[in-house]
Amino acid sequence: MSEFSLPRHDAKTLIIMRHAEADWGLDDFNRPLTRRGHAQALSAGQWLVQQGFVPEMLVSSAALRTRQTTTWVSEALGEKAPTASLDERLYNAPSSALLSTINRAPQGVQALMLVAHLPGVQDAALELARPDSDYEALMDASHGFSPSSVAVFDVFGDWSELTTAAAFLKAFKAF
């Protein structure tokens with residue numbers, strides 16, 4: 001007789017997003033989104049709503065391009081959009097800083113979203129993904145984290161205890 005297990009319904013949702021396409025010029029911190037970047041971020045937000053991946057807490061790098069990405073994503077989320085928190089530590093941060101931010105999330109939060117930069121977002125996504133994650137999503141995230149890409153995970157347990165290879169990558173979408 002084979003072992004049967006019911007699907008778990010106690011998962012929290014983690015969304016890791018790279019900022020949308022940014023323009024060049026100015027200093028790096030103040031690079032704005034391009035027109036295409038605005039459209040990408042809006043499309044990403046619409047996709048999140050369509051898929052039912054709506055964050056209740058949103059933390060963004062304080063750089064202009066991530067703030068603008070967050071604004072357009074929030075526009076698509078509409079009334080469901082949380083007020084974004086800006087975190088200067090996420091500007092060009094390594095994956096360890098993203099994981100630290102996730103670990104500090106309040107335990108009552110069921111859906112957390114981070115908007116940050118390469119290489120940190122891709123590194124964090126690949127480091128967090130369990131080996132049994134969705135194969136297509138894992139391959140897409142491994143191939144490249146283009147502007148406005150979104151990785152969505154199921155997280156079981158407390159945010160404070162999340163560590164490498166412990167989250168189930170269930171979806172990845174590039175815009």
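Strand β2 (residues 57–61) pairs with β4 in the parallel sense, over four bridges. Here helices (H or I, at least four residues) and strands (E, at least two) are DSSP runs numbered from the N terminus, and two strands pair if DSSP finds at least two bridges between them. Within this pairing, V59 has L114 as its bridge partner in β4. Strand β1 (residues 12–18) also runs parallel to β4, joined to it by six bridges, and there I15 is matched with M113 of β4.

Before going further, a word on the source: this is a predicted model, where local features need pLDDT of at least 70, side-chain atom pairs count only at pLDDT 80 or more, and totals for chains, interfaces and linings use all residues. Residues are numbered from 1 along each chain as its sequence is written, and side-chain values use heavy atoms, with hydrogens and water left out.

So how covered is β4? Six of its six residues are buried, where buried means under 20% relative accessible area, exposed over 50%, and partly exposed in between (1.4 Å probe, protein chains only). In a regular strand the side chains alternate between the two faces of the sheet. In β4, A111, M113 and V115 point one way while L112, L114 and A116 point the other way, and all are buried.

Now step off the end of the strand. H117 sits in the loop between β4 (111–116) and α4 (120–128). At 1% relative accessibility, H117 counts as buried. Its side chain makes a polar contact with the side chain of S61, at 2.8 Å; a polar contact is a pair of N or O atoms within 3.5 Å, and within protein one must be able to donate a hydrogen and the other to accept it, with residues adjacent in sequence counting only if both atoms are side-chain atoms. Not counting residues up to four places away in sequence, H117 touches H19, S61, A63, R65, T66, L90, Y91 and N92, with contact meaning heavy atoms within 4.5 Å.

One of those names, R65, is worth following. R65 is found in helix α2 (residues 64–77) and is buried, with a relative accessible area of 2%. Leaving aside neighbours within four places in sequence, R65 is in contact with H19, A22, D28, F29, R31, L33, Y91, N92 and H117. A polar atom of the R65 side chain lies 2.5 Å from the backbone oxygen of D28.

Which residues are linked with R65 in a network of salt bridges? They are D28 and R31. A salt bridge, in this text, is a side-chain nitrogen of Lys or Arg within 4 Å of a carboxyl oxygen of Asp or Glu. By this rule the count comes to seven. In the D28 and R31 bridge, the closest N and O atoms are 3.0 Å apart; D28 counts as partly exposed at 29% relative accessibility, whereas R31 counts as buried at 10%.

Two other salt bridges sit elsewhere in the chain. R104 bridges to D87, with the closest N and O atoms 3.4 Å apart. R104 lies in the loop between α3 (95–103) and β4 and D87 in strand β3 (residues 84–87), so the pair ties together parts that are 17 residues apart in sequence. R104 counts as partly exposed at 42% relative accessibility, and D87 counts as buried at 9%. D154 forms a salt bridge with K170, and here the closest N and O atoms are 2.8 Å apart. This pair links distant parts of the chain, with D154 in strand β5 (residues 150–155) and K170 in strand β6 (residues 168–173), 16 residues apart. D154 is buried, with a relative accessible area of 15%, while K170 is partly exposed at 28%.

Zooming out, the chain has five helices and six strands. From the N terminus on, the elements run β-α-β-α-β-α-β-α-α-β-β. Buried residues make up 46% of the 175 residues. Among contacts with a separation of 6 or more, 77% are between residues 24 or more positions apart. The chain exposes about 8,700 Å², with carbon and sulfur atoms supplying 52% of it; accessible areas come from the Shrake-Rupley method with a 1.4 Å probe, and for residues only the protein chains shown count as cover.
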